[in-house]
Amino acid sequence: MPLQYQQHLRLLHREGHRDAVTTVAFSPSGSFLASGGLDGRVCVWEIGSGKLLHVFAGKSPVLSVVWLDLDERMVCGMQDGTIASLAISPTLIRLEGFLAHRYPVERLAFKGAYLASGAHKEVKVWSRVSPSDSIGTWTLVASLNAPKRSSYTTACDIMVTSLHWTLSPSHPLVLLVTYLNHGIVAFDGRTWARIGGTPLPGYIADASLTRDGRLLAVSNMLTGFELFALKGFVELEPLYSFQQDITTGPPLPVRFLHGDHALIGGSLHGRVNMWDVYSRRKQPLVLDGKFIARPPWRVLTYLCSAEVPVLAIAVGGEVVPRHDVRLTSF
């Protein structure tokens, strides 16, 4: 019997998003969800009730959101290269921003005292001036070197597609970066020097890393979803590929879920599929007893909270405009 989800909530409000949702993120406790959109708005929703708690309206589209170590603080990446820190209280939102990149900030990853940001070919690492600072003031720690071009990628742009914090027995902190055309590169979290890397055929649109750092799922725009065993940051052992129709559009988001035992992947045409990592069995996402297939919206991004069995799917349609977030529960 296939896994079935039921719709938990539809997060939609007249004061919420007025354009497509681009990013969603659960708070550390799983009690709240932040969503960012092309309208420059960041909305904070309560998971239990679906209530819209806060709205921040900026001038630049929001492309990435990451919560910090508390439910009251988050960081947003903007299209104009700005990184904005938001501190939330029951009555107001405090904001402090700074120009961090020359390009749109599409990727963010937070670990301990460090924030990594990716914008086109740039990767920068920031440190909080003081952990007790409620708004979060950041200082630049390192600008990481871009990967070298090879004879096969001379004419290809260098573009960051995902950022992941992990570790190894010899390196207590590692930043793993995937690039669209230039494979995967690992940086030491103490010296920020490159400690490994490997090319990867195709175009890496997105990637997801298991919590133990042993498996890497890649969304390849040429071949579909692929699974690799990560060995020492310098070698990827191909395990297998998941069948995915890429003729109607490249697969974009991919995430591990269910304790890293399953993968979920979306596409530009709205179909959502799940795979068992070990049996490789595939099933379309079942929602309220019905398979999700070719709805009038696009799956843009989604995340699964580590604390609660709820999946967030952000949708923004071209045929029937919908600028909302659906929450489904297992």
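## Sheet β2-β3-β4-β5

Two strands are taken to pair if DSSP finds at least two bridges between them. In this predicted model, strand β2 and strand β3, the latter spanning residues 32–37, pair in the antiparallel sense over five bridges, and within β3 it is glycine 37 that serves as the bridge partner of valine 21.

These strands belong to an open sheet of four strands, ordered β2-β3-β4-β5 and paired in the antiparallel sense. Its edges are formed by β2 (21–26) and β5, each of which pairs on one side only, while the twist from one strand to the next averages 15°.

## Leucine 52 in edge strand β5

Leucine 52 lies in strand β5, which covers residues 52–57. Because its relative accessibility is 14%, and buried means under 20%, leucine 52 counts as buried.

When residues up to four places away in sequence are not counted, leucine 52 touches His13, Glu15, Gly16, Cys43, Val44 and Trp45. Alanine 34 is separated from leucine 52 by 18 residues in sequence, and the C-alpha to C-alpha distance between the two is 9.9 Å.

## Sheet β6-β7-β8-β9

Another open sheet of four strands runs in the order β6-β7-β8-β9, with antiparallel pairing. Here the edge strands are β6 (62–67) and β9 (93–99), each pairing on one side only, and neighbouring strands of this sheet are turned against each other by 20° on average, direction ignored.

Strand β6 pairs with strand β7 (residues 73–78) in the antiparallel sense over five bridges; in β7, cysteine 76 is the bridge partner of valine 65.

Methods: Residues numbered from 1 in each chain as written. Predicted model: local features only at pLDDT ≥ 70, side-chain atom pairs only at ≥ 80, totals over all residues. Heavy atoms only, no water. Helix = DSSP H or I, 4+ residues; strand = E, 2+ residues; numbered from the N terminus. Buried < 20%, exposed > 50% of the residue type's maximum accessible area, 1.4 Å probe, protein only. Contact = heavy atoms within 4.5 Å. Axes fitted to C-alpha atoms, helices over the stretch in contact; angles between N-to-C directions.
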